Structures are given as C-alpha cells and as structure tokens.
Amino acid sequence: MDTQAKLTTSDDRLYVVPSGKRFVVHAIYLANTTSARRTVRIHHVRQGMTSGTENAMLYDVAIAPNGTLVDSTRFPMEEGESLRGKADAAGVTLTLHGNFA
C-alpha cells in the first residue's frame with residue numbers, strides 16, 4: 001500500500017494507523033518538487049504523544065532542489081500511531097510505502 005501527503009510548514013499528521021490494524025513501513029520517500037533546497041522533519045508519534053526530538057525520525061534534513069530522499073528503514077506502527085511532519089516551505093511530497101501486518 002502506498003499513501004501520499006504534501007508537507008506544509010505546520011506539524012501535520014501525514015498518516016495514522018486505523019483502528020484494529022498494524023502497519024509495517026517499508027520506505028518513506030520525500031520528493032522536493034521545487035528548484036530550491038527544502039528542509040524536513042518526520043516524526044513517528046505514539047498514540048497520545050506529540051512531535052518532538054524524542055520521536056524524530058528525520059530532523060531538519062535537507063533535500064536537494066528537485067531531489068528525492070529515500071529512507072528504507074523498516075519499522076512497525078501500531079493502531080493509533082501516526083507519522084507527522086513538516087517542511088520549511090511548500091513543495092515536498094511524502095510517499096509512504098508499506099503493508100498491513
């Protein structure tokens with residue numbers, strides 16, 4: 001399963017694991033569709049928590065103009081857990097690749 005979201009300059013919920021499900025992330029793709037460098041933050045947030053340095057997966061990571069960053073770290077996500085993220089400016093698309101376990 002693939003899902004996509006556009007990053008904004010706010011810390012937004014990009015994906016949440018549905019009730020009664022477990023999701024295994026296989027890869028995160030971040031595409032910078034602009035001609036300027038972009039900086040992103042991605043967080044794996046447990047239910048009831050907020051984004052912070054303690055759950056950062058990618059923190060102030062630069063993506064080259066018209067470039068793509070691929071993080072192929074596999075990890076499980078439980079019911080209610082989410083991926084949250086933001087960019088320093090518009091122009092970054094996240095594609096989450098994984099499957100329900």
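Strand 2 and strand 8 (residues 82–87) run antiparallel and are joined by 4 bridges, where strands are DSSP runs of E with at least two residues, numbered from the N terminus, and two strands count as paired if DSSP finds at least two bridges between them. Within this pairing, aspartate 12 has glycine 85 of strand 8 as its bridge partner. The model is a predicted one, in which local features need pLDDT of at least 70 and side-chain atom pairs count only at pLDDT 80 or more, while totals for chains, interfaces and linings use all residues. Residues are numbered from 1 along each chain as its sequence is written, and side-chain values use heavy atoms, with hydrogens and water left out.

**The four-stranded sheet**

The pairing of strand 2 with strand 8 belongs to an open sheet of 4 strands, whose order is 2-8-4-5 and whose pairing is antiparallel. Strand 2 (12–16) and strand 5 (56–63) stand at the edges with a single partner strand each, so one side of each is left without a neighbour in the sheet. Direction ignored, neighbouring strands of this sheet are turned by 20° against each other on average, the axes being lines fitted to C-alpha atoms. Strands of a sheet pair through backbone hydrogen bonds, either parallel or antiparallel.

Strand 4 pairs with strand 8 in the antiparallel sense over 6 bridges, and here isoleucine 42 has glycine 85 of strand 8 as its bridge partner. Glycine 85 is also the bridge partner of aspartate 12. Strand 4 (residues 38–45) is joined to strand 5 by 6 bridges, again with the two running antiparallel, and threonine 39 has alanine 62 of strand 5 as its bridge partner.

**Two valines of the sheet**

Valine 45 has its place in strand 4 and is buried, with a relative accessible area of 2%; buried means under 20% relative accessible area, exposed over 50%, and partly exposed in between, with a 1.4 Å probe and protein chains only. Not counting residues up to four places away in sequence, valine 45 touches Thr50, Ser51, Asn55, Glu81, Ser82 and Arg84, a contact being a case of heavy atoms within 4.5 Å. Valine 45 and methionine 77 are 32 residues apart in sequence, and their C-alpha atoms lie 9.3 Å apart in space.

Valine 61 lies in strand 5 and is partly exposed, at a relative accessible area of 22%. Leaving aside neighbours within four places in sequence, valine 61 is in contact with Arg38, Thr39, Val40 and Leu69. The C-alpha atoms of valine 61 and phenylalanine 75 are separated by 19 Å, although these residues are 14 apart along the chain.

**Aromatic residues**

Rings of Phe, Tyr and Trp (its six-membered ring) pair if their centres lie within 6.5 Å, with planes under 30 degrees apart counting as stacked, over 60 as edge-to-face and the rest as tilted. By this rule there are 2 aromatic pairs, set out below.

| Pair | Centre to centre | Angle between planes | Geometry |
|---|---|---|---|
| Tyrosine 15 and phenylalanine 23 | 5.2 Å | 45° | tilted |
| Phenylalanine 23 and phenylalanine 100 | 5.3 Å | 70° | edge-to-face |

The pair of phenylalanine 23 and phenylalanine 100 links distant parts of the chain, with phenylalanine 23 in strand 3 (residues 23–32) and phenylalanine 100 in strand 9 (residues 92–100), 77 residues apart. Tyr15, Phe23 and Phe100 form one aromatic cluster. Tyrosine 15 counts as buried at 10% relative accessibility, as does phenylalanine 23 at 0%, whereas phenylalanine 100 counts as partly exposed at 35%. Lysine 21 lies over the face of phenylalanine 100, at 5.5 Å from the ring centre; a charge sits over a ring if NZ of Lys or CZ of Arg is within 6 Å of the ring centre and within 35 degrees of the ring normal.

**The chain as a whole**

The protein chain has 0 helices, where a helix would be a run of H or I with at least four residues, and 9 strands. Of its 101 residues, 41% count as buried. Among contacts between residues at least 6 apart in sequence, 80% join residues at least 24 apart.

The radius of gyration of the protein chain is 13 Å, which agrees with the value near 13 Å that a compact globule of 101 residues would have; this radius is taken over C-alpha atoms, and the globule rule is 2.2 Å times the number of residues to the power 0.38. Taken along the principal axes, the C-alpha atoms fill a box of roughly 40 × 25 × 20 Å.

Technical notes
Axes are lines fitted to C-alpha atoms, for helices over the stretch in contact, and angles run from 0 to 180 degrees between N-to-C directions.
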